[in-house]
Amino acid sequence: MTRALLPPVWRALPRRALMAAAAVGLLLAAVPRMRQGPPDPYLGLYALRAAVLVFALGLAFLLDDPARHITSTVPARRPVRVALRVALVAPGAALCWTTALFLVPQDSRPPAGALTLEAAATAVLALAAATLAIRRTRTTEPGAAISTWLLVTGTTAILLLPHDWTLFVTPQDPRWHPTHDHWALLLTVATVVGARATAEPLRARLRLRPA
């Protein structure tokens, strides 16, 4: 059954949003390479963080499905449908991120492991928010609202988080390692919330259960 779902799920992917995010994100990551002059580690860091945000904005549209209320009646439950979408996009997302890292010159590139953790947490946060929107509302295309929320949340995090909990520091900052412990915690929480949100609501299960 899962194999039979692959073609329709593949056709239903929001390709325009995903491809646009990939293109813009890679263009932002390439900015330090286009710059003339000595290497600028700060520019490399900010370029990659901008690319992370744009990639996540694209992933916010991953679960958009205008036919959601029709496909919800198929035998495959929502966790399977969501997992298929994520599995189909994950290789491309990993390739985009790897390319973005290598687009930044080595002398300007921040620690790849730490930035990859930030990228993973931001991507999973976008997907978790989309799964919550689908579970809690009747919307078929939460991507636009989730991407707006992600932008607002990112700005708020920069401006309002307390000094000890800031998520955006430079590698030279003594808070660099503690900050990435916070990113790891954010990734864990977003993963758990997203996984729980993919479950079918109890009322929907009762409606689908045969008499």
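Q: Which residues does V89 touch, not counting residues up to four places away in sequence?
A: V89 touches L13, L18, L59 and L62. A touch is a contact, defined as heavy atoms within 4.5 Å. The model is predicted, so local features need pLDDT of at least 70 and side-chain atom pairs count only at pLDDT 80 or more, while totals for chains, interfaces and linings use all residues. Residues are numbered from 1 along each chain as its sequence is written, and side-chain values use heavy atoms, with hydrogens and water left out.

Q: What makes up the secondary structure of the protein?
A: There are 10 helices and zero strands. Both are DSSP runs, numbered from the N terminus: helices are H or I of at least four residues, strands are E of at least two. Along the sequence the pattern reads α-α-α-α-α-α-α-α-α-α.

Q: Why is W183 called buried?
A: Its relative accessible area is 4%. Buried means under 20%, exposed over 50%, and partly exposed in between, with a 1.4 Å probe and protein chains only. W183 is therefore buried.

Q: Why does F168 count as partly exposed?
A: F168 has a relative accessible area of 32%. That value lies between the buried and exposed cut-offs, so the residue is partly exposed.

Q: Why is the pair of F168 and W183 called edge-to-face?
A: The search of the whole structure finds one aromatic pair. The ring centres of F168 and W183 are 5.7 Å apart, and their planes stand at 75°. Rings of Phe, Tyr and Trp (its six-membered ring) pair if their centres lie within 6.5 Å; planes under 30 degrees apart count as stacked, over 60 as edge-to-face and the rest as tilted. Both tests are met, so this pair is edge-to-face.

Q: Which parts does the pair of F168 and W183 tie together?
A: F168 lies in the loop between α8 and α9, and W183 in helix α9. The pair therefore joins parts 15 residues apart in sequence.

Q: Why does the span of helix α9 agree with its 22 residues?
A: Helix α9 covers residues 176-197. The expected span is 1.5 Å times one less than the number of residues. For α9 that gives 32 Å, and its end C-alpha atoms are 31 Å apart, which agrees.

Q: Which residues of α9 are buried?
A: They are W176, T179, H180, H182, W183, A190, G194 and A197. These residues cover an arc of only 145° around the axis, so they sit on the same side of α9. The arc is that of the directions from the helix axis to the C-beta atoms. On the other side of α9, H177, D181 and R196 are exposed. The cover over the buried residues includes α4 (41-59), α6 (78-103) and α7.

Q: Why do the buried residues of α8 line one face of the helix?
A: The buried residues are G143, I146, S147, L150 and A157. Seen down the axis, they fall within an arc of 100°, so they line one face. A145, L159 and L160 are exposed on the other side of α8. The buried residues pack against α4 and α7.

Q: Which residues have the most contacts inside the largest nonpolar core?
A: L59, L62, L63, V89 and I146 do, in a core of 19 residues. The elements giving two or more residues to this core are α4, α6, α7 and α8 (143-160). The largest share, seven residues, comes from α7. A nonpolar core is a set of buried Ala, Val, Leu, Ile, Met, Phe, Trp, Tyr and Cys residues joined through side-chain atoms within 4.5 Å. A second, separate core of 17 residues includes C96, A114, V169 and W176.

Q: Why does V169 count as buried?
A: Its relative accessibility is 3%, so V169 is buried. V169 is found in the loop between α8 and α9. Its contacts, beyond residues up to four places away in sequence, are L45, R49, R175, W176 and T179. The C-alpha atoms of V169 and L45 are separated by 9.6 Å, though the two are 124 residues apart along the chain.

Q: Why is A129 called buried?
A: A129 has a relative accessible area of 14%, which makes it buried. A129 lies in helix α7 (residues 112-136). Not counting residues up to four places away in sequence, A129 touches I146 and W149.
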